[in-house]
Amino acid sequence: MNRNFSASDVHVKGLRDIAAACAESNVSRFIHVSCASANSKSQSLIMRSRAEGEEMLRIDFPNSVIVKASTLFGHEDRFLRAIGGTTFIH
């Protein structure tokens, strides 16, 4: 598989570019949805790059809000069904 962007391109550079555009446009609040697993010491390159992006966002856009979302599971959960290969039927 050929990837056009690295994890750092997306989670650090991309986030900084969006934050800069918001700052230039006088956006009063930046809300970024990240991941509860984002951690600079993670074994996952993606989670490390997400953590780095969060750190840069705090510097570049200090009034930003970072939502650390987690995967949720529940009754008729589409996420689990997708992983398990079961089609969701209403």
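Okay, let's start in the middle: Phe30 and Phe61 are both buried, where buried means under 20% relative accessible area, exposed means over 50%, and partly exposed is in between, with a 1.4 Å probe and protein chains only. A quick word on what you're looking at: this is a predicted model, where local features need pLDDT of at least 70 and side-chain atom pairs count only at pLDDT 80 or more, while totals for chains, interfaces and linings use all residues. Residues are numbered from 1 along each chain as its sequence is written, and side-chain values use heavy atoms, with hydrogens and water left out.

Back to those two phenylalanines. How many aromatic pairs does a search of the whole structure find? One, and Phe30 and Phe61 form it, 5.6 Å centre to centre with 45° between the planes, so it goes down as tilted. The rule there is that rings of Phe, Tyr and Trp (its six-membered ring) pair if their centres lie within 6.5 Å; planes under 30 degrees apart count as stacked, over 60 as edge-to-face, and the rest as tilted. Phe30 sits in the loop between α1 and β1 (31-33), and Phe61 in the loop between α2 and β2 (65-67), so the pair ties together parts that are 31 residues apart in sequence.

Let me zoom out for a moment. The chain has three helices and two strands, and from the N terminus on they run α-β-α-β-α. Those are DSSP runs numbered from the N terminus: helices are H or I with at least four residues, strands are E with at least two. Of the 90 residues, 24% count as buried. As for contacts, meaning heavy atoms within 4.5 Å, take the ones between residues at least 6 apart in sequence: 57% of them join residues at least 24 apart.

Now the inside. Which residues make up the largest nonpolar core? There are seven: Leu15, Ala19, Cys22, Phe30, Leu57, Phe61 and Ile66. Helix α1 (residues 7-24) gives the most to this core, three residues. By nonpolar core I mean a set of buried Ala, Val, Leu, Ile, Met, Phe, Trp, Tyr and Cys residues joined through side-chain atoms within 4.5 Å. So both rings of our aromatic pair turn up again in this core.

Staying with core member Ile66, and skipping residues up to four places away in sequence, Ile66 touches His32, Ser34, Glu54, Leu57 and Arg58.

Two of those are worth a stop. His32 is in strand β1, and at 17% relative accessibility it counts as buried. Again not counting residues up to four places away, His32 touches Leu15, Leu57, Val65, Ile66 and Val67.

Then Glu54, in helix α2 (residues 45-60). Is Glu54 buried or exposed? Buried, because its relative accessibility is 3%. Leaving aside neighbours within four places in sequence, Glu54 is in contact with Leu15, Ser34, Cys35, Ala38, Ile66 and Lys68.

Glu54 has company in α2: the buried residues of that helix are Met47, Ser49, Ala51, Gly53, Glu54, Met56 and Leu57. What covers them includes α1, β1 and β2. And here's a simple check on the helix. At 1.5 Å a residue, the 16 residues of α2 should span 22 Å, and the end C-alpha atoms are 22 Å apart, which agrees. The expected span is 1.5 Å times one less than the number of residues.

Over to strand β2, where we find Val65. With a relative accessible area of 32%, Val65 is partly exposed. Val65 touches Arg29, Phe30, Ile31 and His32, with residues up to four places away left out. Val65 and Phe30 are 35 residues apart in sequence, yet 6.1 Å apart in space, C-alpha to C-alpha.

Lys13, in helix α1, also counts as partly exposed, because its relative accessibility is 47%. The side chains of Lys13 and Asp17 are joined by a polar contact of 2.8 Å. That term covers a pair of N or O atoms within 3.5 Å; within protein, one must be able to donate a hydrogen and the other to accept it, and residues adjacent in sequence count only if both atoms are side-chain atoms.

Last stop, Asn26, in the loop between α1 and β1. Asn26 counts as exposed, at 68% relative accessibility. Its phi is near 60°, a positive value in a residue other than glycine.
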